Amino acid sequence: MIRRHSFTLTHSASPSRTRHRKVGFMKIGIIGAGNIGGNLTRRLTALGHDVSVANSRGPHTLTALVEETGATAVTAAEAARGAGVVVVTVPLKAVPDLPSRILEEAAEGAVVIDTGNYYPQRDGRIGAIEDGLTESRWTEQQLGHPVVKAFNGTYAQDILDKGLAQGAPGRQALPVAGDDPAAKQAVRALIDELGFDTVDAGGLDDSWRQQPGTPVYGNRGDAETIEKALADASPERTAEWRA
C-alpha cells in the first residue's frame, strides 16, 4: 500500500495580475552551467539577481554565457561565496568531486537547491541510493549542507519559455521537497518569480516521489495535476529507468 500525502498548493494571485511576484534582489551562485544551470542563469539575471556561475572546465569557458547574461563567471570553489541561494546542478557522479567546503563561504542561512537525478547508466551504481536513500538525501550528505530538491524533472527550455503570471490559466507547477520549511518557502517564492506555481512535495525523505520514473517527472501539469502525480507515485524503480 502506497502512503498518500496531502500536499500543499501554492496560492495564486488574481488572474488579472500581470507580473510575477518579486522576491527581492539576491546573490545567487549556480554550480553547473549545463541546460538547467545555463537557463536559470539567463532567467535569474533577467530578473535582476546577481548571479555567479561555475562549471567544471573553468570561467574562461563561460565567456558566451557571461556576455549574454551579465552573470559573473567564477570557479566552482568561488560560486557560493556570499550567496543567499546556491543551485547545485551537476551530474550526481560529479557531486563528490566538488571542492571540499564548497558552501563554507555562502551567506548565513543560505538555501541550497539540488536539481540532480540519479541515472545508473551515467553515474555508475551508487549503493546507498540503490538501497533506498533518496537522491537528494545522498547529495545533502555529500555536500554537508541541507538541500531543497527542485527543477529535477523540469525541461530546461521550459524555464525560458513557459513562465506565466500568477493566476494565469494552466500555469505550470513544479514539485519542491525539503526538510526546512523556511528554505523550502524561499525556493517556492523564487520559482513563483520565474513564473511557475509550486506544490509542496514533503520532506527530503519523500523526494523519491519526484525522482526519474515517477508520474511527476517531466510532467508539465498545473498544481492540481502535479499534486495528483505525486500522490500516485510508487517507490519501485521502473525498468525503463534502469535501462
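## Close-up views of a predicted model

**View 1. Ile30 and its contacts.** Looking past neighbours within four places in sequence, Ile30 is in contact (heavy atoms within 4.5 Å) with Gly37, Leu40, Thr41, Leu44, Val51, Ser52, Val53, Ala54, Ala79, Val87 and Thr89. This is a predicted model, where local features need pLDDT (the predictor's confidence in each residue, from 0 to 100) of at least 70, side-chain atom pairs count only at pLDDT 80 or more, and totals for chains, interfaces and linings use all residues. Residues are numbered from 1 along each chain as its sequence is written, and side-chain values use heavy atoms, with hydrogens and water left out.

**View 2. The open sheet.** Here six strands (DSSP E runs of at least two residues, numbered from the N terminus) line up in the order S4-S3-S2-S5-S6-S7, with parallel pairing (at least two DSSP bridges between two strands). Strand S4 (72-73) and strand S7 (148-149) are at the edges with a single partner strand each, so one side of each has no neighbour in the sheet.

**View 3. S2 beside S3.** These two strands run parallel and are joined by five bridges. Gly29 sits opposite Ser52 in S3.

**View 4. Helices on the sheet.** Helix H1 (helices are DSSP H or I runs of at least four residues) lies across S2, S3 and S5, at about 165° to S2. H7 packs on the sheet too, touching S5, S6 and S7, and its direction makes about 65° with that of S6. Axes are lines fitted to C-alpha atoms, for helices over the stretch in contact, and angles run from 0 to 180 degrees between N-to-C directions.
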